Structures are given as structure tokens and as C-alpha cells.
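Trainee: I've got a new structure to look at and I'm not sure how to read it. Could you walk me through a few features?

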Amino acid sequence: MYRNKKASNHPIILLLLFAGINFLNAQIQSGPMLGYTGMLEAKIWVQTEYAANVQIRYWDTENADVKNISESIQTKASDAFSATCVADKVVPGKTYTYEVWVDGKKMEIDYPLQFKTMEIWKWRKDAPDFKFAFGSCFYVNEPEYDRPGKPYGQNFEILNQIESTDADFMIWGGDNMYYRETDWNTKTGLLHRFTHTRSLEELQPLLAKMPHFAIWDDHDYGPNDSDRSYWLKHEALEVFKTFWANPNYIFPKDGITGTFTWSDCQFFLLDDRWWRSPNNREKTGDRIYFGNEQIEWLIDALSSSEATFKFIVSGGQMINPVPVFENYSNYPEERAHLLNLIEQEEIKGVIFLSGDRHHTCLQKLDRPGNYPLYDLTVSPITSGAGKPAKMESSAPFVEGTIVGETQNFATLEIKGPTKDRKLTIKVFDSKGSLLWEKEIQQKELGW
């Protein structure tokens, strides 16, 4: 069909285009991918093999006689030939079918292309039940640029298992691809790595099945353990925005911080790299992880949120008190400050979601006189897996929730009547086998 497992180079085609000659019809390199889907619009991302005009044609599945067309977007090399089309002639609570048209030609795709707009429910009925998928650490092999030996990326059938959950959307929790040393010194390298990862054949049906939201961590921001000193951070931000269709960016020129709501829940997508001081800078200056500006925005947003569950998504673990790896506990003053603000403002319903660690676990921080804070770490999707460090034996792990040495992902389902909602967490391996399950009641989180 049109799919490649690695970024394609087309020297002859590029030469023809440079000469002003276009003999061929462009094809899709990767996508379509569903991005943010609201009540009155949906974002659909597509990448073409080379410069082309891209449009989305879409219609209410129950009324195929009325078809709508998105604005045409011309893809270009500086954006890796990608386009984010907006379907803005939609109404709430409807299912739409769509087609991708490139240079006036309908692209033939062998799986369904549909999206569903959010429904209006407030003051009308109970909040809709929903389910989302969550995971981090997605490595796609490219042998000529990888370390010698056993491929680091493995068990890509996990993508089919995530797709089969019928989740309403997916959140990618950082390290959603891995820059190599060939990549992080040039924008060309950044675009190459994103294109190579996004073009994985097994990934395509999942991209189209549900909306996708993302944060970044070090490997999809810059080099390993990278921080605010990364010299290409502004280009990295530009590339991230090019390949993900998140609904907003709170600080347009600084980092990937954002938020969105789904039913009666709100999600806070944090940036743990942009403002972060180097891990090894310990003798001078403040120890900064999220930074004061981002923390103040977060507390403002949490305080004004009416959400039942408030999911704070970060690349690194938040409540683990053991200063290992790149956990927030390595920045103790700022960590204590943030947790104290959450407590002092009496913010209910907070749950942390994190990745990075190449193992999965649920941790529970008991707070005297207050509700406990949970941190669900889910990792890896396809990267190498491992166990917690020996020194973490004192960490507040919930019994039976540590998953090491296997690729895995989670689903989180929110169900029940208003004021009596229940969160069910399930963790699955790459073959779709259930590894563990945990329920958290709304009333357990301060309500």
C-alpha cells in the first residue's frame, strides 16, 4: 500500500519537484492520526511522502448525503510533509466517517476511518462513562543507527492489543520515540526520527482508531536525561507540535504544557524538561523540575477545575520518595512545594500518571488527615523492560502492581453515576493478557 517502516528518501522525486515537475501522485507516509476531538471540531493529522495538498472529507455516518471538506493544506519539507486538518463542521455527540484526499485523489486505506465528537451532558444527565489507554517508552528499531546487538524495540504486537481495547482515546506518557546521536544536533535529524517512528506499519491502525494526546520526556525532547540547556529545544518544540495534535499549549513559546477535559475528568499535561535544571547541577542555583511558572499555572487550573478525577501527567514519577533514576524526589524542595500546594488548596481527586521507568507500578502516598495520592507508572510499550532499583524497596508500591521485564500498557475506565464514580485500572502485557486490576472510588480521593 503506502506504508513504509522507515523514513523514505526520494531523491529523484525531490529533483523533479525542485525543477517544478510533478509526474506522480503523492502517497501517505504515515497516518491518518486522530488528534483532539471536541464538540465542534476534530483534528486529523496526516503525513505525505513529499509535497502535496491534503484535505479531509467527512460526514455524519447516519447522513452520508451531506459531505464536508476541510481546508486544504499544502505539506512542505520544513514540516516533514505533515498536515493537521480541522473538521469544524460537526455537532456534539455524533459519529463521523472521513476520507483522506491527497492532490485531489482519495487515499485507499484498509481500516475504518471514523471519529466521534464529545456529547453535551452537563445539566442533562450523568457524566458519560469512558475509557482511555496509557503507556510510555515506545522504541522503533533502525539498525543502521541503533547500538549493535539485540534490537531494543520489541513485541510490536502490543499496538494491536491497545487498539483492540476500544478505548476512547490514548495518552502517550513520554519517550514516545527515541532520538539517537544522529538526530539531536539538527532539525533534519529530529524530523527524521519522528518520521521513522511514526511510519511503523503496525502503528497505523491504532493512530486512526482513537484520538491521541502526548507529553514528552527526555528521549523525545533531546539527548538522554536532557534538561533546559538542550541547545535545540526550540526546534524540538516545533517538531513536537508538528507531529502531535494536542488541543492547546499553555505557554506557546515554552514547552508542551497543556490540558483537556473528557466527560467529568480533566487532564493536565506537564513538561518536565523545558525548565528543568541539570540533574548534576547541585552546588549553585535553584533545583528546578517543572519551574514556578508551570506550577502556578497547574495549581490555578486544579483549583478552578470541577473535574471528578484530575489526572496530572508527567514524564517522571511524582510521589516516589526514593531519589533514584530521574524521579521528582531528586528535586526535593520543589516536590515538597507542589505537594504542599495541592494539600493547602484542598484540591480533590488528584491522580498522577507517569512513565520513563521501564517498569509499571502503582504507588500510594498516605497523607495524615487527607486522602492518599496515587501515582500510576506505565512503561514500556516496546522499549527494553526492567525492575525497580533495589534501593526502592521502601517505595510505597501497592502490592501486586509491579510489572518488570515485559512490555505492557494500561487502560483506565471511569464509570458510575455522578458523585459515585469509579476508576478501574487494568494493566496488560503485549499479548493482551491481564496482569493486574485495581479500583479507586471517587470518595477515596477527598470527595
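Mentor: Sure, let's start with a term we'll need: a residue counts as buried when its relative accessible area is under 20%, as exposed when it is over 50%, and as partly exposed in between. Keep in mind that this is a predicted model. Take Arg421: it is buried, because its relative accessible area is 0%.

Trainee: And how much of the 447-residue chain counts as buried?

Mentor: Of those 447 residues, 59% do. The chain still exposes about 18,700 Å², and carbon and sulfur atoms supply 50% of that area.

Trainee: Back to Arg421, then. Which side chain does Arg421 meet in a salt bridge?

Mentor: The general idea is that side chains of opposite charge can pair when their charged atoms come close. Here the partner of Arg421 is Asp129, with 2.8 Å from N to O. The pair ties together distant parts of the chain: Arg421 sits in the loop between β19 (408-415) and β20 (422-429), Asp129 in the loop between β9 (114-116) and β10 (130-135), and 292 residues separate them.

Trainee: Is Asp129 buried or exposed?

Mentor: Neither label fits: its relative accessibility is 42%, so Asp129 counts as partly exposed. Arg421, on the other hand, is buried at 0%.

Trainee: How many salt bridges turn up in the whole structure?

Mentor: A search finds 21. Some of them join up: Asp217, Asp272, Arg273, Arg276 and Glu326 are linked in a network. Within that group, Asp272 and Arg273 meet at 3.7 Å, N to O, and both of these residues are buried.

Trainee: What about Arg276 in that network? Which residue does Arg276 form a salt bridge with?

Mentor: With Glu326, the closest N and O atoms being 3.5 Å apart. This pair also links distant parts of the chain, 50 residues apart: Arg276 is in the loop between β14 (265-269) and α6 (292-304), and Glu326 is in the loop between β15 (310-314) and α7 (332-344). Arg276 has a relative accessible area of 0%, so it is buried. Glu326 is buried too, because its value is 4%.

Trainee: How do I get a feel for the overall fold?

Mentor: Count the elements, then look at the overall dimensions. The secondary structure comes to 7 helices and 21 strands. The radius of gyration is 22 Å, close to the 22 Å that the globule rule gives for 447 residues, so the chain is as compact as a globular protein of that length. Along its principal axes, the C-alpha trace spans about 70 × 55 × 40 Å.

Trainee: What share of the contacts with a separation of 6 or more comes from residues 24 or more positions apart?

Mentor: That share is 69%. For a single example, look at Arg198 in helix α3 (residues 187-198). Leaving out residues up to four places away in sequence, Arg198 touches several others, including Ser30, Trp45, Phe243 and Trp244. Arg198 and Phe243 are 45 residues apart in sequence, yet their C-alpha atoms are 8.6 Å apart. Arg198 counts as buried, because its relative accessibility is 4%.

Trainee: One more, please. Where does Gly222 lie?

Mentor: In the loop between β12 (212-215) and α5 (233-243). With a relative accessible area of 0%, Gly222 is buried. Not counting residues up to four places away in sequence, Gly222 touches Tyr179, Trp184 and Tyr230.

Conventions
Residues are numbered from 1 along each chain as its sequence is written. This is a predicted model: local features need pLDDT of at least 70, side-chain atom pairs count only at pLDDT 80 or more; totals for chains, interfaces and linings use all residues. Side-chain values use heavy atoms; hydrogens and water are left out. A salt bridge is a side-chain nitrogen of Lys or Arg within 4 Å of a carboxyl oxygen of Asp or Glu. Helices (H or I, at least four residues) and strands (E, at least two) are DSSP runs, numbered from the N terminus. Buried means under 20% relative accessible area, exposed over 50%, partly exposed in between (1.4 Å probe, protein chains only). The radius of gyration is taken over C-alpha atoms; the globule rule is 2.2 Å times the number of residues to the power 0.38. Contact means heavy atoms within 4.5 Å. Accessible areas come from the Shrake-Rupley method with a 1.4 Å probe; for residues, only the protein chains shown count as cover.
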